[in-house]
Amino acid sequence: MNAISHDAAIRMVQEIIRKGVDIAKVFVDTVGDPQRYQDKLTRVFENKVAFTVAKKADSIYPVVSAASICAKVTYSIPSLVKWFVASYFASSTLLRGSLR
């Protein structure tokens with residue numbers, strides 16, 4: 001599981017760089033040993049990006065906390081839309097039926 005998370009983070013940073021964003025610093029909430037993960041990221045990006053990897057990074061660094069909230073909201077949107085649509089149509093059907 002750690003390898004999957006590490007690879008996903010690496011691909012995400014690579015893609016952002018590929019799109020032309022100049023990244024100077026990245027904060028990462030750790031999966032596994034923080035120092036080993038930070039060393040791995042530093043090696044992969046050849047010291048061109050400064051990484052800070054920490055346990056509970058979302059409670060230490062506000063930017064990580066904000067990113068965590070954005071990820072959770074983005075992840076939840078499809079479920080919320082389905083719930084809203086289902087609720088809307090259920091109540092609309094009930095309202096239409098009661099107005100007849």
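**Entry 1: Val85 and the surface patch**

I started at Val85, which sits in helix α4, residues 62-99. A reminder to myself: this is a predicted model. Is Val85 buried, or is it exposed to some degree? I found a relative accessible area of 37%, so Val85 counts as partly exposed. I then looked for its surroundings and came upon a nonpolar patch on the surface. Val85 belongs to this patch along with Ile69, Val73, Ile77, Val81, Trp83 and Phe84. Together these residues have about 690 Å² of accessible area.

**Entry 2: the core**

Next I went inside. In soluble globular proteins, nonpolar side chains tend to be buried together. Here I found that the largest nonpolar core holds 12 residues, among them Ala9, Ile10, Tyr37, Phe45 and Phe51. Which elements supply at least two residues each? They are α1 (2-18), β1 (25-29), α2 and β2. The largest share, 3 residues, comes from α1.

I picked Tyr37 out of this core for a closer look. Setting aside neighbours within four places in sequence, I listed its contacts as Ser5, His6, Ala9, Val28, Asp29, Thr30, Val31 and Val53.

**Entry 3: salt bridges**

How many salt bridges does the whole structure have? My search gave 3. I took Arg18 and Glu15 to begin with, whose side chains meet at 2.6 Å, N to O. The two are 3 residues apart in helix α1, so about one helical turn separates them. Arg18 is exposed at 60% relative accessibility, while Glu15 is partly exposed at 31%.

Glu15 also pairs with Lys19, with the closest N and O atoms 4.0 Å apart. Lys19 is exposed, its relative accessible area being 61%. I could therefore note Glu15, Arg18 and Lys19 as one network, joined by salt bridges that share partners.

The pair I looked up after that was Lys48 and Glu46, at 3.3 Å from N to O. Both Lys48 and Glu46 are exposed.

**Entry 4: positive phi**

Glu46 made me stop again. Most residues other than glycine have a negative phi. Glu46 is not a glycine, yet its phi is positive, about 50°. Where does Glu46 lie? I placed Glu46 in the loop between α2 (34-44) and β2 (50-54). Its relative accessibility is 54%, which is why I call Glu46 exposed.

I noted Lys56 as well, a non-glycine residue with a positive phi of about 55°. Lys56 is in the loop between β2 and α3 (57-60). With a relative accessible area of 59%, Lys56 is exposed.

Key. Residues numbered from 1 in each chain as written. Predicted model: local features only at pLDDT ≥ 70, side-chain atom pairs only at ≥ 80, totals over all residues. Heavy atoms only, no water. Helix = DSSP H or I, 4+ residues; strand = E, 2+ residues; numbered from the N terminus. Buried < 20%, exposed > 50% of the residue type's maximum accessible area, 1.4 Å probe, protein only. Core = buried A, V, L, I, M, F, W, Y, C linked by side-chain atoms within 4.5 Å. Contact = heavy atoms within 4.5 Å. Patch = residues over 30% accessible without salt bridge, like charges linked within 9 Å, V, L, I, M, F, W, Y side chains within 5 Å. Areas by Shrake-Rupley, 256 points an atom, 1.4 Å probe, with all protein chains shown as cover.
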